[in-house]
Amino acid sequence: SEKLPLRNKKIIVTAGGTKERIDPVRYITNDSSGKMGHALAVEAWKRGAEVVLISASQLATPDYITRVPVESAEEMLRTVTDEFDDADAVIMAAAVSDYTPATVEKQKMKKKDSLTLSFRKNPDILKSLGEKKKPDQLLIGFAAETEDLIRYAEKKLNDKNADLIIANDVGKKDRGFNVDENEVTMLSRKSEPVTISLRSKSDVSVEVIDWLVTNMN
Ligand code: C5P
């Protein structure tokens, strides 16, 4: 119906900053709170979608949202890949760590005078989905940048074979990571970039899910 345009659609949303283990009690992560992804999951659910929220965040979720907790990028890749086949859309709102410790210590590391850690590159989840998506699947990614926002976002749209990139400036304190509001620019293949002025993340979600409804077949 008009009110539930995403009925019978399966939408995967990822959220939060992944945690990359160093030892049993330590990890590296980033400033992502998961608020944007969680808001998107709730909005997609309101439009009738079957939502699978794959979240590395500690935020609470309403109990009507199916939530799969994950920690690392590797775990997120496995979980998203398992759910991808019959999904109609994936929204990669998670801030996936670019690197992970090359080795994970089995025991808590002892204090030393200095410490050097070595990292390897994490898999790019969005890119791997872009390589295997079917024509009727939509892929949405984020571009968090502190400079040249639109140029980098356009590059991501192409490099990752995404259908929509939501670009946000994370160099300002009042929007983006870890706050309740966001200002974004939506870039797609078919139309000119659309800027959504500063507003709550749930109001930003309305615009993003509107795009999904319009572009879903
Ligand atoms: O390349 P960059 O990290 O800037 O791209 C951001 C987009 O790609 C986000 O949608 C993010 O969820 C996704 N991403 C990913 N796997 C990575 C890094 C980013 O899926 N390893």
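The dialogue below discusses one helix, a ligand shell and two annotated residues.

Trainee: What kind of model is this, and how are residues numbered?

Mentor: This is a predicted model, in which local features need pLDDT of at least 70 and side-chain atom pairs count only at pLDDT 80 or more, while totals for chains, interfaces and linings use all residues. Residues are numbered from 1 along each chain as its sequence is written.

Trainee: How many residues does helix α1 have, and what span does it reach?

Mentor: Helices (H or I, at least four residues) and strands (E, at least two) are DSSP runs, numbered from the N terminus. The expected span of a helix is 1.5 Å times one less than its number of residues. Helix α1, residues 35–46, has 12 residues and reaches 17 Å from its first C-alpha to its last, close to the expected 16 Å. After α1 comes G48, with a positive phi near 100°.

Trainee: Why is α1 described as largely enclosed?

Mentor: A residue is buried if 20 or more other C-beta atoms lie within 10 Å of its own, exposed if 12 or fewer, and partly exposed in between, with C-beta atoms placed from the backbone. In α1, 11 of the 12 residues are buried, so the rest of the structure largely encloses the helix. Among them are K35, H38, E43 and W45. The buried residues pack against β1, β4, β6, β11 and α5; contact requires C-beta atoms, placed from the backbone, within 7 Å.

Trainee: Which residues surround the ligand most closely?

Mentor: A residue is near a molecule if its C-beta atom, placed from the backbone, lies within 6 Å of it. The ligand is surrounded by 13 residues, the closest being M92, V96, I125, L126 and G141. Strand β9 gives the largest share, 3 residues. The shell comprises 9 nonpolar, 2 polar and 2 charged residues, where Ala, Val, Leu, Ile, Met, Phe, Trp, Tyr, Cys and Pro count as nonpolar, Asp, Glu, Lys and Arg as charged, and the others, Gly among them, as polar.

Trainee: Where do the positions annotated "binding site" lie?

Mentor: UniProt positions follow the numbering used here, feature names are shortened, and annotations may be inferred rather than shown by experiment. The unreviewed UniProt entry includes K108 and I125 under "binding site". The annotated positions span 63 residues in sequence, and their farthest two C-alpha atoms are 37.9 Å apart, so they do not all gather at one spot.

Trainee: Are K108 and I125 buried or exposed?

Mentor: K108, in the loop between β7 and β8, counts as exposed because it has 10 C-beta neighbours inside 10 Å. I125, in helix α3, has 26 such neighbours inside 10 Å and therefore counts as buried.

Note on methods:
Two residues are in contact if their C-beta atoms, placed from the backbone, lie within 7 Å.
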